[in-house]
Structure formats: C-alpha cells, structure tokens
Amino acid sequence: EPKQGGIIRFDNALIEEPIGSFTVYNVEEGRAPQNRRSETFTLAGAPSTLTNSALQGVSNFVQGRYPADERAMMVGVPQGGTTPGTAAELTAYTQPFIHIAIPYSGETDSGLDGVEIEIPGLDVTPTHGEFFPLNLRIKDPLWLMRDLADISFSVKPGEAHTVYIDTRDRMLPEGRALYLTLAGAGNDLTPELLEGARVRLIYKAKEESLAEHIIDRFTQVRDLHAHNVEENPRTPRLNSYNRVMADLNDVLKHDPDHWLARAYYYWISTDKDDRPEYEITPAPEGVPEWAHLQIEYLRHLERIAMFFIDERQISNGEFGGGLSDDGDWTNFYPGMALLGVNPDEILESLLLHMTSYYDQDRDPYDAALKQRSLPLFTNGLATIQTDELHAYEDGIQVVAQLQLLDYGTPLHFNRSMETSKRILEDITDVNPEGHRLFRSRNYGGTRIATEDPWQWSVSSSYLMLHTSYLVALYN
C-alpha cells in the first residue's frame with residue numbers, strides 16, 4: 001500500500017558506514033503523461049567511431065571506468081536520424097551489462113519529466129524461478145556517477161513491457177547525452193536483444209520543472225560540501241571540487257539570485273569577486289555593536305548545536321558522523337555552554353555522547369565480522385592502534401570536554417588520570433639529554449610502534465596532553 005509521511009530509521013550494521021544515497025519509489029500500473037513534448041529514440045549498436053561529442057563523453061566514461069567485458073554500448077537513434085558514427089556494431093561481451101547513450105536535443109524551454117523504455121520480450125533463461133531480474137539506472141547527465149533513478153525489477157522471458165520512470169524534474173545540460181545502464185541476472189542478456197527497442201524522453205515546461213530541479217541541485221551542493229569541508233579541495237584537478245562546482249553553477253544558471261547558492265559559491269570557488277550581500281541586524285540602542293554581534297553569533301551556534309542534539313543524536317549518544325568525527329563536532333560545545341547557551345542541555349548531550357566511547361554494551365563475539373568485539377577504550381587509550389590524531393579523537397577529546405563543562409566530577413577525572421598515566425609511562429619517555437619526548441605517533445591501548453618511521457612526534461601529538469593539562473589545571 002502507498003504510504004505518505006512518517007519516519008524511516010536506518011541502522012548501520014557496519015560501523016561508520018553512513019547512507020550514500022536513499023530513494024523511495026511509488027510503483028504502480030499506469031502510462032507516461034500524454035500530450036507532452038517528447039523525443040523518441042531507437043536503440044542500435046554503438047558505432048566503432050562516434051561523431052557526436054555528447055555520445056563521445058559517455059563512451060569515454062565507460063571506457064575509462066568499466067572493465068573490458070562490461071563495455072557493451074548502445075546508442076539512441078532519433079526518429080528519422082541515422083546512427084552517429086562510421087559503422088554500427090554489436091560487440092560480444094561476457095557480462096550482462098549494457099550502457100545506453102541518448103543524444104537528447106537539449107532545448108532550453110523545457111525540462112525532463114521522465115523516461116519511457118520499451119523492454120522487448122527477452123529470449124533469456126530465467127534465473128529466479130520463472131523470472132529474470134533486471135536493474136535499470138538513469139544517470140544524471142551533469143555527473144555520470146550519480147543516479148537519477150535506480151530500480152530493480154523482474155520480467156518473464158518473452159514478455160514485453162513498457163516502463164515509465166517518472167524521474168525528478170531536470171533541466172538537461174546542453175552538449176551532453178542521457179546515460180542509462182541495464183544489467184541482467186544472466187549472461188544471455190546481450191545488446192542484440194535490445195536492438196530496435198525504443199526510449200522516449202518526455203518533457204514538461206521549464207517553469208514547471210525548475211522547482212524540483214533547483215531544490216535537488218542545491219541539496220546536492222550542501223551534501224557534497226559536507227563531504228568536502230574538512231579537506232576543502234579548491235582546484236579543478238580534483239573531481240570532488242568539480243562535482244560540487246558543476247551543481248553550483250547549474251543552480252545559479254537557472255536561479256542567479258539564489259542567495260544561499262551564491263554564498264556557497266563564494267565560499268567554495270576560487271573566484272572571490274561575487275560576494276553576496278548580507279544584512280547584519282542593527283544593534284539595539286545603547287548596546288555596543290561588538291557585543292550585539294557576539295550575541296547574534298551565539299544565536300547561530302545555538303541553532304546549529306540544538307538541531308544536532310534534538311534531531312540527530314540517538315539513544316546511545318552518537319550523532320551520525322562516526323564517533324571520531326562526532327567528538328570533533330562537540331569540541332565547540334563546552335565554550336558555548338560556558339557562555340550561557342543552554343548549558344544543561346549541552347552537558348546532558350555530552351554525557352550521553354561519552355557513553356558511546358565507554359559504556360556501550362558489546363557482544364563478546366561479532367558473528368557478522370567473525371571476530372571478538374572490543375571496547376573502544378583499553379587502559380586509558382583508544383583500543384585500536386592508530387595515528388596520534390585519531391588516538392585523541394577516539395574519545396579522549398570528549399573526556400576533556402567534560403572536564404571543562406562538568407568540572408571536578410570524579411568520573412572524568414579518573415578517566416583523564418588513566419590516560420595521563422599511559423602517556424607518562426608508555427607514550428613518552430626521557431632521552432639521555434633529559435628531555436621528555438613522544439616515543440611514537442602510532443599506538444593504541446595494547447600496542448605501540450617505536451620503529452622507523454613511527455618514532456616521531458608531530459604537531460598533533462600534543463593533543464594527547466589535553467586531559468593531562470586539565471588535570472594539572474584542576475590541581
């Protein structure tokens with residue numbers, strides 16, 4: 001039965017493996033919208049030499065990304081057109097994976113509403129009872145590794161079907177082709193079986209398409225920026241930069257006054273000439289502007305912090321970014337709380353978060369991973385053997401945050417003393433000149449690497465002294 005609204009919960013069986021993409025479909029009998037502008041293409045074998053630059057782009061992607069036995073390629077021939085190349089050919093490949101490139105016209109007065117695909121009666125051997133499973137993907141022409149739709153279904157051999165995929169509305173970029181893939185469960189799915197099948201692109205007016213197009217593109221910008229914000233790539237030599245800039249430029253192409261997109265562009269791009277205007281609320285009469293701006297800034301921080309506490313933090317204390325990054329995130333909580341921003345709620349959130357590192361119940365044997373589960377802390381240090389930065393990020397920083405905010409509480413004090421003891425006795429040592437130095441930049445609760453190239457200290461080694469410094473400060 002169709003469902004509307006509600007909440008979907010995702011439990012990650014693999015730790016620190018978040019959702020990459022998530023799609024909800026409504027599958028029902030029906031037909032494509034009628035009386036709309038459309039383009040119809042007939043599938044044919046890809047020529048050995050393509051003369052259409054848009055099709056060449058898809059071909060180059062396939063040749064560069066897929067192994068040789070997964071490169072079977074077909075092209076869409078427009079009604080009344082000819083195959084765009086020197087000679088059509090259907091090369092035999094061993095894997096049932098077919099790439100399809102559709103050279104749409106690229107008219108700018110309408111957007112893609114959906115794609116209708118004729119699945120002919122396939123002469124294949126059923127692999128699951130009387131059925132033959134297929135997977136169909138429609139790619140985003142702006143970024144070929146992104147799916148507009150990804151749906152799996154099954155057919156009976158010999159039965160023809162027409163499938164209409166009502167994609168999110170898209171303004172198709174000029175000079176590109178729509179790229180689809182069709183994969184089957186058995187090796188007898190070959191391009192020959194699709195020869196002559198039709199693909200129809202159905203459009204709607206530009207004004208109707210822009211709403212979904214712009215909100216989707218901008219959502220992608222925000223998502224990609226979240227992935228890039230730590231490494232902060234700022235060069236077209238890196239595709240992580242090219243991908244977010246392609247989406248940003250596409251938003252601004254269709255909505256040049258989109259303020260948030262302009263703000264992201266100013267932050268991300270190497271072009272700093274187009275700074276969007278931002279109006280700061282004036283200070284009340286009698287209040288110094290510097291003081292007013294500090295309070296306004298704290299209001300922004302409060303909004304962000306409380307969103308994560310109220311909407312993202314789950315019952316075991318995690319926020320969803322993986323524990324080491326969760327602890328990085330909460331580094332700004334103590335200072336904000338000490339400035340009077342919701343101190344009780346922030347302390348309660350941090351105490352709950354601390355349980356993620358120390359008090360989670362763990363099965364003695366993890367059947368999925370086929371290994372014994374271990375606590376995150378062993379002898380005052382992160383159990384895993386890792387570099388000095390991630391040894392600190394695996395909970396020690398959160399102990400220090402609570403030392404500041406839950407001042408003098410024995411629980412945090414004892415944990416910080418345990419870490420300090422390990423730093424004194426194992427992680428550091430005194431050399432013949434009488435200098436205390438870090439022995440390693442790679443260690444854990446049960447092992448320490450002191451051989452080359454690990455017997456060094458680096459700038460982030462000193463983060464491990466965070467809890468020790470606060471012990472000394474308290475005393």
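Contact means heavy atoms within 4.5 Å. The exercises below concern a predicted model.

**Exercise 1. Determine which elements cover the buried residues of helix H3, and how Asp247 fits into this helix.**

Solution.
- Step 1. Helix H3 comprises residues 239-254, and Asp247 is found in it.
- Step 2. H3 has 16 residues and reaches 23 Å from its first C-alpha to its last, close to the 22 Å expected at 1.5 Å a residue.
- Step 3. The buried residues of H3 are Tyr241, Val244, Met245, Asp247, Leu248, Asp250, Val251, Leu252 and His254.
- Step 4. An α-helix has 3.6 residues a turn, so residues three or four places apart point the same way.
- Step 5. The cover over the buried residues of H3 includes E6, helix H2 (206-228) and helix H4 (259-268).
- Step 6. Asp247 has a relative accessible area of 0%, and therefore counts as buried, since the limit is under 20%.
- Step 7. Leaving aside residues up to four places away in sequence, Asp247 touches Leu142, Arg146, Arg217, Gln220, Val221 and Leu224.

**Exercise 2. Describe the largest nonpolar core: which members touch the most others, and which strands supply it?**

Solution.
- Step 1. The largest nonpolar core holds 34 residues, and those touching the most other members are Ile102, Val115, Leu134, Leu180 and Leu201.
- Step 2. At least two residues of this core come from each of these strands: E1 (38-45), E3 (97-102), E4 (110-119), E5 (132-140), E6 (143-155), E7 (161-165), E8 (178-184) and E9 (198-205).
- Step 3. Strand E6 gives the most to this core, with 5 residues.
- Step 4. Another core lies apart from this one; it has 33 residues, among them Tyr333, Val399, Leu405 and Ile427.
- Step 5. Leu201 may be examined more closely: not counting residues up to four places away in sequence, its contacts are Arg37, Ser38, Glu39, Phe41, Ile102, Tyr104, Leu112, Gly114, Val115 and Leu178.
- Step 6. As general background, nonpolar side chains in soluble globular proteins tend to be buried together.

**Exercise 3. Classify the ring pair of Phe332 and Tyr333, and state whether each residue is buried or partly exposed.**

Solution.
- Step 1. The structure holds 14 aromatic pairs.
- Step 2. In the pair of Phe332 and Tyr333, the ring centres are 5.1 Å apart and the planes stand at 75°, so the pair is edge-to-face; the cut-off for this class is over 60 degrees.
- Step 3. Phe332 counts as partly exposed because its relative accessibility is 26%.
- Step 4. Tyr333, with a relative accessible area of 0%, is buried.
- Step 5. Both residues belong to one aromatic cluster, which is formed by Phe307, Phe308, Phe319, Trp329, Phe332 and Tyr333.

**Exercise 4. Compare the span of helix H11 with its expected value, and list its buried residues.**

Solution.
- Step 1. Helix H11 covers residues 410-427, and its 18 residues should span 26 Å at 1.5 Å a residue.
- Step 2. The end C-alpha atoms of H11 are 24 Å apart, which agrees with that expectation.
- Step 3. Buried in H11 are His412, Phe413, Arg415, Ser416, Thr419, Ser420, Arg422, Ile423 and Ile427.
- Step 4. Ile427 is also among the residues of the 33-residue core.

**Exercise 5. Locate the residues with a positive phi, Asn342 and Asn379, and the cis peptide bond from Asp452 to Pro453.**

Solution.
- Step 1. Most residues other than glycine have a negative phi, and most peptide bonds are trans.
- Step 2. Asn342 has a positive phi, near 45°, and lies in the loop between helix H7 (333-338) and helix H8 (343-358).
- Step 3. Asn379 has a positive phi of about 55°, and its place is the loop between strand E12 (377-378) and strand E13 (381-382).
- Step 4. Asn379 counts as partly exposed, because its relative accessibility is 44%.
- Step 5. The bond from Asp452 to Pro453 is cis, with omega near 10°; Pro453 sits in the loop between strand E17 (442-443) and helix H12 (466-474).

**Exercise 6. Characterise the overall form of the protein.**

Solution.
- Step 1. The protein contains 12 helices and 17 strands.
- Step 2. Its radius of gyration is 29 Å, whereas a compact globule of 475 residues would have one near 23 Å.
- Step 3. The C-alpha atoms fill a box of roughly 85 × 65 × 50 Å along the principal axes.
- Step 4. Thr49, in the loop between E1 and helix H1 (53-65), is 75 Å from Gly286, C-alpha to C-alpha.
- Step 5. Buried residues make up 42% of the 475 residues.

Methods:
Residues are numbered from 1 along each chain as its sequence is written. This is a predicted model: local features need pLDDT of at least 70, side-chain atom pairs count only at pLDDT 80 or more; totals for chains, interfaces and linings use all residues. Side-chain values use heavy atoms; hydrogens and water are left out. A nonpolar core is a set of buried Ala, Val, Leu, Ile, Met, Phe, Trp, Tyr and Cys residues joined through side-chain atoms within 4.5 Å. Buried means under 20% relative accessible area, exposed over 50%, partly exposed in between (1.4 Å probe, protein chains only). Helices (H or I, at least four residues) and strands (E, at least two) are DSSP runs, numbered from the N terminus. The expected span of a helix is 1.5 Å times one less than its number of residues. The radius of gyration is taken over C-alpha atoms; the globule rule is 2.2 Å times the number of residues to the power 0.38. Rings of Phe, Tyr and Trp (its six-membered ring) pair if their centres lie within 6.5 Å; planes under 30 degrees apart count as stacked, over 60 as edge-to-face and the rest as tilted.
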